[in-house]
Amino acid sequence: MTTSNHTLTSLHTLADTCPYDFQNAALMADGDGFLGTGADLSVATLLHAYRSGAFPWFDADDPICWWSPSIRCVLVPDAFHPSKSLVRTAKKQPWTLTTNLAFDAVIDACSQPRHYTSETWIHDEMKLAYSELHRLGVAVSVEIWAGAPMTSELIGGLYGVNIGAIFCGESMFHRQTDASKVAFWGLMRLCQQSGIALVDCQLENPHLMSLGATLMPRTEFLQTLKTLVHHDVAGLGGRQIQLNVSELLA
C-alpha cells in the first residue's frame, strides 16, 4: 500500500532544495520546447521541474533532457465527456478500476515498445525515479483490471504526477481495446472528485485530442500552473480507490 505523510507545503520545501533553475523555463526553451541537458532525476529535482512546467524526456543512452513545450496539451476534468462507444464499453465490460495498487506494473507496461517503434523513453532510470515519487505519494497510477484487482489481468492503465490541483500525465497503455481510454475517463472522474482542476497531457497526439484535450500556450500554462501547484486539495497521491467501471456511468 502506498502512503504519504508529506503535506503540500513539505513537498514545496523539498522542491526548494533543488539546485537547478527551472523557474525561467519560458525564457530558456527553444522553438521545440527544449530546455537543455543535465541535472538529475532526484525527487527534489523532479518536484521543482514539474512545478515549473518542465519534464524529463530522453533515451536511455542520452543525457537527461528537459522540455517545456511552447504549446501545451491539456484537459479540464470538468469538461470531459466520454464518447458513446466508451460508454457502451463501460456498460458491458466487467472491468475494475483501481488507483495506486500496481504502480510498478503500470510503468513497466507503459515502457514496453509500441507497434510503431522498438524504442522507449521509459527506461530503468526513469522507472526508478518515478517509483521514488510514487513512494512519496506524488506519482500516481490508475489501473484497469479484466476482473478482480490483482487476481485478473492488468489490461490498461496510466501514470502521472500530482502536485496540488494539477495532474501531469506521463504515459498510458492498453492490452484490450478501450482499456486506456477507460483509465483516462476514470482519471477525469477522480480528478473532479479530488479537486484536481487541470490535467497536463504535455504533447499533443491524436489519441489525446480524441479524448477532448485542448491546446494552451506555454505562457498561459505556466501562469495557471503557479496557482494550481499551491492549491491544497485531496488529490490522488497515496490514495487507493477501487470501483467497477460501470460506476463511471453514474
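In which sense do S1 and strand S3 pair, and over how many bridges? Some notes on that and on the rest of the model, which is a predicted one.

1. Starting with the strands: S1 and S3 (residues 65-67) run antiparallel to each other, and three bridges join them. If you want a spot to look at, take Thr37, whose bridge partner in S3 is Cys65.

2. Zooming out a little, that pair belongs to an open sheet of three strands, ordered S1-S3-S2 with antiparallel pairing. S1 (34-37) and S2 are the edge strands; each has a single partner strand, so one side of each has no neighbour in the sheet.

3. Now the overall layout. The chain splits into domain 1, covering 8-69, and domain 2, covering 72-247. Measuring over C-alpha atoms, you get 21 Å between the centres of the two domains. Domain 1 puts 24 residues into the contact, and domain 2 puts in 28 residues.

4. On the area: about 2400 Å² is buried between domain 1 and domain 2, with 69% of it on carbon and sulfur atoms. Three residues to click on are Leu8, Tyr50 and Pro69, which together supply 28% of what domain 1 buries against domain 2, and no other three residues give more.

5. What about charge and polarity across the boundary? I'd note that zero salt bridges are counted between domain 1 and domain 2. Polar contacts do turn up there: six residue pairs, with both residues at pLDDT 80 or more.

6. As for which elements do the touching on the domain 1 side, those giving two or more residues are helix H1 (8-15), helix H3 (43-51) and strand S2 (55-56). H3 has the largest share, at five residues. Sorted by class, this side of domain 1 comes out as 17 nonpolar, five polar and two charged residues. S2 is worth a second look, since this strand gives residues to the contact and is also an edge strand of the sheet.

7. Last, the salt bridges. The count comes to four. One of the pairs to inspect is Asp200 with Arg72, where the side chains meet at 2.9 Å, N to O. This pair ties together distant parts of the chain, 128 residues apart: Asp200 sits in strand S9 (residues 198-202) and Arg72 in strand S4 (residues 71-75).

Technical notes. Residues are numbered from 1 along each chain as its sequence is written. This is a predicted model: local features need pLDDT of at least 70, side-chain atom pairs count only at pLDDT 80 or more; totals for chains, interfaces and linings use all residues. Side-chain values use heavy atoms; hydrogens and water are left out. Domain bounds come from an automatic or database domain assignment. Contact means heavy atoms within 4.5 Å. Buried area is the accessible area (1.4 Å probe) that two parts lose on being put together, summed over both. A polar contact is a pair of N or O atoms within 3.5 Å; within protein, one must be able to donate a hydrogen and the other to accept it, and residues adjacent in sequence count only if both atoms are side-chain atoms. Helices (H or I, at least four residues) and strands (E, at least two) are DSSP runs, numbered from the N terminus. Ala, Val, Leu, Ile, Met, Phe, Trp, Tyr, Cys and Pro count as nonpolar, Asp, Glu, Lys and Arg as charged, and the others, Gly among them, as polar. Two strands pair if DSSP finds at least two bridges between them.
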